[in-house]
Amino acid sequence: MSTDSPLLKLTLQALDENPDTWGSILNDSAIQLLEDSVAGAAVLTLTDQTDQTLNDDAGGPTNAAGARYMILAIGGSSGGPTNIIVPTRSKVYLVSNNSGSDIVVKTVAGTGPTIPDGES
C-alpha cells in the first residue's frame with residue numbers, strides 16, 4: 001500500500017504496486033511534487049487579517065497546498081499583521097511579502113520570523 005514521505009509528502013509506492021501504471025503515479029505524485037517543493041511558487045492573496053494555514057494535501061498553488069512550494073508570494077491587502085502557518089517539519093521557504101502589512105511565518109505551536117511588507 002502506498003504511503004506518503006514524511007517531509008515532502010511524495011507518494012512512496014509499495015513493492016510491486018501498480019505494475020502497469022507506475023509511470024503516471026511516479027510523474028504526478030512524486031516528480032512533479034518534488035519540482036514544486038524545490039522551485040515552485042504559490043501565490044497567496046490575503047484579503048483580511050485572518051491567519052492562513054498552509055498544508056500540502058492537495059495539488060496546485062492554493063492556500064491549501066502552499067506548504068509544498070519553495071516560494072510563497074504573498075500579495076493582496078491583509079489590513080494588518082497576519083500569520084502564515086506552515087506544517088511543523090523541516091522545510092525551507094523563500095517568502096516575498098507584498099501584502100501591505102507585516103506577516104509572520106510560523107508553525108501552529110511555534111513562533112517564526114516577521115517579514116515586513118515589501119521584503120523577502
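## Helix H1 and its surface

Ile31 sits in helix H1, which covers residues 22-39. Keep in mind as you look around that this is a predicted model. How buried or exposed is Ile31? With a relative accessibility of 44%, Ile31 falls into the partly exposed class, because that class takes in everything between under 20% (buried) and over 50% (exposed).

Ile31 also shares in a surface feature: together with Trp22 and Leu26, Ile31 makes a nonpolar patch of about 290 Å².

## The chain as a whole

Stepping back, the protein chain carries 1 helix and 9 strands. Follow the sequence and you'll read the pattern β-β-α-β-β-β-β-β-β-β, with H1 taking up residues 22-39. The C-alpha trace spans about 50 × 25 × 20 Å along its principal axes.

As for burial, 31% of the 120 residues count as buried. The chain exposes about 6700 Å², and carbon and sulfur atoms supply 56% of that area. If you take the contacts between residues at least 6 apart in sequence, 39% of them join residues at least 24 apart.

## The three-stranded sheet

Now for the sheets. One of them is open and built from 3 strands, in the order E3-E5-E7, with parallel pairing. Why do E3 and E7 each have a side without a neighbour in the sheet? Strand E3 (41-46) and strand E7 (94-97) stand at the edges and have a single partner strand each, so one side of each is left without a neighbour there. On average, neighbouring strands of this sheet are turned by 20° against each other, direction ignored.

Zooming in on E3, you'll find 6 bridges joining this strand to E5 (residues 71-76), and the two run parallel. Two pairings give you a feel for the register: Val43 has Ala73 in E5 as its bridge partner, and Thr45 stands opposite Gly75, also in E5. Which residues of E3 lie on the covered face? Those are Ala42, Leu44 and Leu46, while Ala41, Val43 and Thr45 make up the uncovered face. So Val43 and Thr45, the E3 residues named in those pairings, both belong to the uncovered face of the strand.

## The four-stranded sheet

The other sheet to look at is open too, with 4 strands in the order E4-E6-E8-E9 and mixed pairing. Its edges are strand E4 (52-53) and strand E9 (114-115), each with a single partner strand, so one side of each is left without a neighbour in the sheet.

Inside this order, E6 (residues 82-86) and E8 (residues 103-107) are joined by 5 bridges and run parallel. One of the pairings puts Val86 with its bridge partner Thr107 in E8.

## Around Thr11

One last stop is Thr11, which belongs to strand E2 (residues 11-12). Thr11 counts as partly exposed because its relative accessibility is 22%, and the buried class ends at under 20%.

What does Thr11 touch, leaving out residues up to four places away in sequence? The list is Ser2, Thr3, Asp4, Ile25, Ser29 and Ala30. Of these contacts, Ile25, Ser29 and Ala30 have numbers that fall within the 22-39 range of H1. Leu33 also has a listed spacing to Thr11: their C-alpha atoms are separated by 9.2 Å, with the two residues 22 apart along the chain.

Notes. Residues are numbered from 1 along each chain as its sequence is written. This is a predicted model: local features need pLDDT of at least 70, side-chain atom pairs count only at pLDDT 80 or more; totals for chains, interfaces and linings use all residues. Side-chain values use heavy atoms; hydrogens and water are left out. Patches are made of residues with over 30% relative accessible area and no salt bridge: like charges are joined within 9 Å, nonpolar side chains (Val, Leu, Ile, Met, Phe, Trp, Tyr) within 5 Å. Accessible areas come from the Shrake-Rupley method with a 1.4 Å probe; for residues, only the protein chains shown count as cover. A salt bridge is a side-chain nitrogen of Lys or Arg within 4 Å of a carboxyl oxygen of Asp or Glu. Buried means under 20% relative accessible area, exposed over 50%, partly exposed in between (1.4 Å probe, protein chains only). Two strands pair if DSSP finds at least two bridges between them. Axes are lines fitted to C-alpha atoms, for helices over the stretch in contact, and angles run from 0 to 180 degrees between N-to-C directions. Contact means heavy atoms within 4.5 Å.
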